[in-house]
Each structure stands twice: as C-alpha cells, then as structure tokens.
Amino acid sequence: MNSDHVMLAHRTLIALLLTLGSSSGCTFDSGTTDPATSNTTASNTATSNATTGGTDAGDDVQDTAIADADPADAPDDTTAAMDTASADTSDTRTPDTAAPDTAPDEPDAPAQALTLSITSPRPGDIFEQGRAITFEAQITNSPIPAEELSVVWVSSEDGLFASRAPEADGQMVVTTDRLSRGDHTVTMRATGPGGLEAEASVSIGVCSWTQPETFDGGALGEGWETFGSAYLDPNGWLEMTGLSMGQQGAIFNTSNIINPGNISITVRILTGGGTGADGFAMSVIQAESPEELRQIINSAGSGGALGYGYGGDWGTYDDVPGFHIEFDTWYNVYNGGNEFHTDPTPENHIGVTLDGDPGNHYLWAELPNIEDQRWHDINIEINGRNVVVTMDGESVIDGFIEQLDFKGGYIGFSGTTGYYTNYHRFDDLQVRQECLVE
Ligand SMILES: [Ca+2]
Ligand SMILES: [Ca+2]
Ligand SMILES: [Ca+2]
C-alpha cells in the first residue's frame, strides 16, 4: 500500500501523544477528596479488579476483553464498578478525618492512563489526492476493554471520516481516499464510559495535479488555439485533419506554460478510418512568446512533417527547443523537394524527435496496428534524459537521449494528411509535473 503513496517529504517520526490521564482518575473515583489518594489508587485497582476478577483472576487484559464482549455483562460490570467507587468514596470520608496527613500522596499519577499513538502516516507525509491513505494507531493502557471504546477520526479540513471501535488488542487501521487537497491535522479521539477520553493527532498533506483536460463541454478551455484544419469535435476530442486530403492542423495552449524538468504526460490518441496517412504528434515547444509560437506553427511543414516540422531540414527555427512524440503512418523518403527526411522504418511508428525536426527520430518503435480507429492510452515520462512511453499500459519506448534537456514550453498537437488520409484525434490530456498541496 505504501507504494501507492506519494511521499514527497518525510520527517522524523514524532508520534503525538496526548494523554488525558486525569480523566481516568475522574471516571472512577470522582476525585472529590484529596486525602483519599492512596485509597483512590486502591479504588482504581479495585475497580479494575472488579471488572476482571469476576471472570478471570489473572487480570489479563485480553481475557477481560473477551469476557466483556458479552453485551449483557457489560452494564452489570459498569454498575458494579460505579457501586464500588461510590462505596469507596463514602468509606474514605471516615478515614479522612482520622488521617488527614495522607495528602502528600496526591501527586501520584493515576495508575491507568488511556494512551493513543498514531504510528502511520508520519508527520509531514504527503499523499496524492484520491489515493488511499491508511492510518494505523495503537491504543494502550485502556482501563476498559479496547473494543468497548468509541473512536472517531476527524480531519481539520474535511471533518469526520471514520468512526468505529478498535480491535480487542487496541490496534486500529482506517483507510480513506476522500481527503481534499490541502494541509490536514488528523485527530483520532477515543471515548469510553464515564468521560474516559484521549486523543492523538498527526499532520499530513494531500496534493493534487492539474486537472485532466477532457475537451468536453462544447468549447475549448482557456488558452487553446486552433490552427489550419484542426477543430474541437462536438463529441469532445480534438481532430487535427478529418478525412480530407492535404490537411494540416494544430491546437496549442498559449497560456499555460509547461515547466522544465521531469514530467509525466498522459493523452489518448485515435487514428485510422482513411486511406493511411500521414500522422500526428504531441509537442512541447519553448517559443519565446505566444506570438512566436503562432509563427512557428504556421511555418511548420505539412505532409511528412506532421505539422510540427519547424527545424532541421524542414524549417528555420533551429534554435527553438522542442520535444515531440509522433505517431507516423506514412513512410517518407528524403527527396529534397517536398520530403526532407527518411523515416527509420517503412512501418507505422512512434518516435521521439527534438527541436522541430521530424527527421531525427532519437527513439522510435514500430506500431504496425495503430490505424485501428480505437482510442489508445499514451503515457510519456521524461526523467532527466530518459524517456519512457507506454501505450495501453505496455512499454513501447524506454530509452536515453544524450541531447535531451527538457525545457518545457507550450504544449499542443498537430497532424497532417496528404494524398492519403486518416482521422487524427487527441483527447484527455493530463500533465503531471508538480503535485501541489496548496
Ligand atoms: Ca473528451
Ligand atoms: Ca512519415
Ligand atoms: Ca516519422
């Protein structure tokens, strides 16, 4: 389970123990008469023994718990305990006057103090929103069987999220995946008969990623701009070309800039339905400004350049860093006229190219069956110079690019048709770069 947790920070384990020992004393001897301390201790012991003694002279806590699990017995025991306490209180009044000098024993702490300890998570742990968080706790020194305690778990932000009794051995495990993004102080509070109460807290963070872009709802969200033949399909996805010949389209976001550094991007793709070309690509382009981005996209090559070829032999923006994942369904061969690169395989392929050059194919793999008009889940992880791409959960690229220095930039999509055609669709884009608590 811990592997599911995103732990961005650890601090030294500091179990927060808030022990309200006095409530234990109050419960059983009402603390009315200070000279009775020695009797109080005796009374507590007597009470404890009264609870356990009837069934098990060994005073084993677990034995007690089992014996008291019978609900019919519990009220009787409680009554007996109360009676004992009352009797002791009245008894002590007589010795009080006779022996008032027992007062110095008062500082003795009650023998029993209900103690709670949250053992997991650790203070400062951070969890990804929506993933299960497991809280583990231990209750010790309970004067009554642990499973007779009521325990609630409360978040400072979201309120109550769990409520039930601990196990007979005092252990407790609760799980929630419902905590909202933010800093939480999570408090467990145990209560029992007669005002018995104790609590413990731990502070954790819950972080979330930027929300996925679903392209649903009939309008493009903030910052998305269309170029050429691309459009938002009313069904809630991006279409780069449609099935017409000679199309070139792109859709980029000009307001949200991707940061440099490691990144995880997921997107869904679909192609096919036509006569088989050319392909489409997702790009992150580090243009200086939205205006430069627009110029770059408008200048990018058609056909085999898949609408993103702005550098190398395809264009003039050689100094603009770019990262591209292409899904290429047409084999191009350099001719110096309208084709400026040779693809690495005659087969359909996925490729990682850099800096606007559709010919540099730093990493690639054949994807012979991609023109199936079905949605495929693509996940791209950039970690330093390593790039891992999965399709429908299967690794298709896992490699190292010496020249890679991911600089972020504007993210978007492009695609082309030529004499041959296909649909070229994208949907459900999510960028995971920084899981934010605040
Ligand atoms: Ca959609
Ligand atoms: Ca091609
Ligand atoms: Ca290619």
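Through how many residues does a hairpin join β4 to β5? In this predicted model, the hairpin that joins β4 to β5 runs through 3 residues. The two strands it connects, β4 (residues 150–155) and β5 (residues 159–164), pair in the antiparallel sense over 5 bridges, and within this pairing the bridge partner of valine 152 is serine 163 in β5.

**The chain as a whole**

These two strands belong to a chain whose secondary structure comes to 5 helices and 22 strands. Of the 438 residues in the chain, 47% are buried, while the surface that the chain exposes comes to about 20,100 Å², with carbon and sulfur atoms supplying 48% of that area. When contacts between residues at least 6 apart in sequence are considered, 69% of them join residues at least 24 apart.

**A calcium site**

The calcium ion (ligand 2) has protein donors that lie 2.2 to 2.4 Å from it, and they come from Asp328, Trp330, Asn332 and Asp343, with Asp328 listed for two OD donors and Trp330 contributing its O atom. Along the chain, these donors follow the spacing D-x1-W-x1-N-x10-D. Aspartate 328 also coordinates the calcium ion (ligand 3), which is 4.1 Å from the calcium ion (ligand 2). Both aspartate 328 and asparagine 332 are buried.

**Aromatic rings**

The structure holds 13 aromatic pairs. One of them is formed by tryptophan 314 and phenylalanine 340, whose rings meet edge-to-face, at 5.1 Å centre to centre and with 80 degrees between the planes. Tryptophan 314 lies in the loop between α5 (290–299) and β15 (322–328), whereas phenylalanine 340 lies in the loop between β15 and β16 (349–354), so the pair ties together parts that are 26 residues apart in sequence. The table sets out how much of each partner is accessible.

| Residue | Relative accessible area | Class |
|---|---|---|
| Tryptophan 314 | 12% | buried |
| Phenylalanine 340 | 22% | partly exposed |

Because buried means under 20% relative accessible area, tryptophan 314, at 12%, counts as buried, while phenylalanine 340, at 22%, is partly exposed.

Elsewhere, ring pairs link Phe215, Trp224, Phe280, Phe327, Phe413 and Phe426 into a cluster. A ring can also be accompanied by a charge, as with tyrosine 423, over whose ring the charged end of arginine 425 sits, 4.1 Å from the ring centre.

Notes:
Residues are numbered from 1 along each chain as its sequence is written. Chains are lettered from A and ligands numbered from 1 in the order in which they are written. This is a predicted model: local features need pLDDT of at least 70, side-chain atom pairs count only at pLDDT 80 or more; totals for chains, interfaces and linings use all residues. Side-chain values use heavy atoms; hydrogens and water are left out. Donors are N, O and S atoms within 2.8 Å of the metal (3.2 Å for Na, K and Ca); water is not among the atoms, so sites may look incomplete. Buried means under 20% relative accessible area, exposed over 50%, partly exposed in between (1.4 Å probe, protein chains only). Two strands pair if DSSP finds at least two bridges between them. Helices (H or I, at least four residues) and strands (E, at least two) are DSSP runs, numbered from the N terminus. Contact means heavy atoms within 4.5 Å. Accessible areas come from the Shrake-Rupley method with a 1.4 Å probe; for residues, only the protein chains shown count as cover. Rings of Phe, Tyr and Trp (its six-membered ring) pair if their centres lie within 6.5 Å; planes under 30 degrees apart count as stacked, over 60 as edge-to-face and the rest as tilted. A charge sits over a ring if NZ of Lys or CZ of Arg is within 6 Å of the ring centre and within 35 degrees of the ring normal.
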